[in-house]
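Biologist: I'm new to this one. Could you walk me through it?

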Amino acid sequence: MAKAGPVYVCAECGAVHAKWSGRCDACGAWNSIHEEAPAAPGPGGVRLPRSHRAAILSDLSSTEAPPPRTLSGIGELDRVLGGGLVPGSAILVGGDPGIGKSTLLLQAAAAFAGSGLKCVYVSGEEASAQVRMRAGRLGLGQANVQLAAETDLTGILTMLDAERPDLVIIDSIQTMWSDAVGSAPGSVSQVRSAAHELAGFAKRRGSAVVLVGHVTKEGQIAGPRVVEHMVDTVLYFEGERGHQFRILRSVKNRFGPADEIGVFEMTGGGLAEVQNPSALFLSGREERAPGSSVFAGIEGTRPVLVEIQALVAPSPHSQARRAVVGWDGARLAMILAVMEARVGLPFTGLDVYLNVAGGLRISEPAADLAVAAALLSAREDAALPADMVVFGEISLSGALRPVSQTENRLKEAQKLGFSQAALPERSKAAEGTGVTLRSVPDLAAFAGSMFGAG
């Protein structure tokens, strides 16, 4: 049998190339392709037959109870996990360096240990004494959590087989290395191999395994994206360095709803969960300020109210600036084009700045009308009513489209003292929410009724 030659793998996206080149054709990254040795074949180079047999779905017992979940007592973490920790699950947690991933997971390990689970925290970046020092600063010095400072994957798996823990935290997956793979730690092959072995351990032993993954400057988990397909749950830890708020967002979850969020506040004693995110995001809001609107959004299963701020000013440059924080810049360009074409309000020669207060990032189209309201308020220098929330999707024709979960949005607004809402016509809103509805058919009607513009 001919010996397999080397392969060339992109460290950013995991794409495999037949030969080396300076630029990856799949993701466009430069100088990211590295040579790696091929994986060793099985005995004799032949795949051994398996003795397992497939089971018929109808033959499986319908009375068999699902594995019990374990609650940590940290409500926001349990919410994002889908109702607690599932035995045998593999979880990937990604985030920017220094955002608080290790702090959160050390607090989670102590909480799960307090719930009766046997927890092992494996650090490949810090010594055990450093982890113990951080635990003392967080007030967790007496937590019943086992610590290990190790990067050798074989040694870690041997130790875990002997300890048989209920929860394993690997911090981080980029520092793990296996002697069966002939490439450097942190490479695509090493990360893929380590994730595969640890996920297999989770399924084989019934232990929950949490893998920490660093995020690149492009916002992707470093190494191959294929790691996300190996695990059951993918969580991203988000937040702005200038804000004390941190968002734990679920982007994939086989055991619960995706796009669920948990909100934490960074304090001197670690991360504290936020019970009412809407009140926190609106805490510093100035009433009757031009360029401000309150958006009633849905994050996962929870309604969240957040302030959207806009500033429109004459541009001193030949090309006007468009700056966005917390929203999609391409969608802002679409909203500005619709207002110019369908409402007759040009933004040519005007700098436009848009910000979602509190460090939250919004992705749902229901924020279109709230963004347009903030832009119109800033352009016309007229404030919206302080007790109004706004939501709705804007089409390219300028018409307003209804959005889902209207009743939940209105109930959250009423709970925080808002008494009126601007929303699209034909929205399914039940009576008795205590909020006065101002239904508008299109963006031109909204601009005319609220600001006399257009």
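What follows is a short chat about a sheet, its helices and some rings.

Modeller: One thing up front: this is a predicted model.

Biologist: Good to know. In what order do the nine strands of the open sheet come?

Modeller: The pairing in this sheet is mixed. Neighbouring strands are turned by 25 degrees against each other on average, direction ignored. Reading across, the order is S6-S5-S7-S8-S4-S9-S10-S11-S12.

Biologist: And which strands stand at the edges?

Modeller: Look for strands with a single partner strand, because one side of each is then left without a neighbour in the sheet. That picks out strand S6 (145-149) and strand S12 (270-273).

Biologist: Let's go inside the sheet. What is the bridge partner of valine 93 in S8?

Modeller: Strand S4 covers residues 90-95 and strand S8 covers residues 208-214. The two run parallel and are joined by six bridges. For valine 93, the partner in S8 is valine 212.

Biologist: Now the helices. Which helix lies across S5, S6 and strand S7?

Modeller: Helix H3 (residues 128-137) lies across strand S5 (119-123) and S6, running at about 140 degrees to S6. For S5, S6 and strand S7 (167-171), you want a helix that runs at about 170 degrees to S5. That is helix H4, residues 153-163.

Biologist: How many aromatic pairs does a search of the whole structure find, and how far apart in sequence are the parts tied together by phenylalanine 237 and phenylalanine 264?

Modeller: The search finds three aromatic pairs. Phenylalanine 237 and phenylalanine 264 form one that is edge-to-face, at 6.4 Å centre to centre with 70 degrees between the planes. Phenylalanine 237 lies in strand S9 (residues 233-238) and phenylalanine 264 in strand S11 (residues 261-267), so the parts they tie together are 27 residues apart.

Biologist: Is phenylalanine 264 buried or exposed?

Modeller: Buried means under 20% relative accessible area. Phenylalanine 237 has 3%, so it counts as buried. Phenylalanine 264 has 1%, so the word for it is buried.

Biologist: What about phenylalanine 446 and phenylalanine 451: what kind of pair are they?

Modeller: Phenylalanine 446 is buried at 1% relative accessible area, and phenylalanine 451 is buried at 14%. Their ring centres are 6.4 Å apart. Planes over 60 degrees apart count as edge-to-face; theirs are at 75 degrees, so the pair is edge-to-face.

Biologist: Last one: which arginine lies over the face of phenylalanine 391?

Modeller: Arginine 379 lies over the face of phenylalanine 347, at 5.6 Å from the ring centre. Over phenylalanine 391, also at 5.6 Å from the ring centre, lies arginine 409.

Definitions and conventions
Residues numbered from 1 in each chain as written. Predicted model: local features only at pLDDT ≥ 70, side-chain atom pairs only at ≥ 80, totals over all residues. Heavy atoms only, no water. Pairing = 2+ DSSP bridges. Helix = DSSP H or I, 4+ residues; strand = E, 2+ residues; numbered from the N terminus. Axes fitted to C-alpha atoms, helices over the stretch in contact; angles between N-to-C directions. Contact = heavy atoms within 4.5 Å. Phe/Tyr/Trp six-rings, centres within 6.5 Å; stacked < 30°, edge-to-face > 60°. Buried < 20%, exposed > 50% of the residue type's maximum accessible area, 1.4 Å probe, protein only. Lys NZ or Arg CZ within 6 Å of the ring centre and 35° of its normal.
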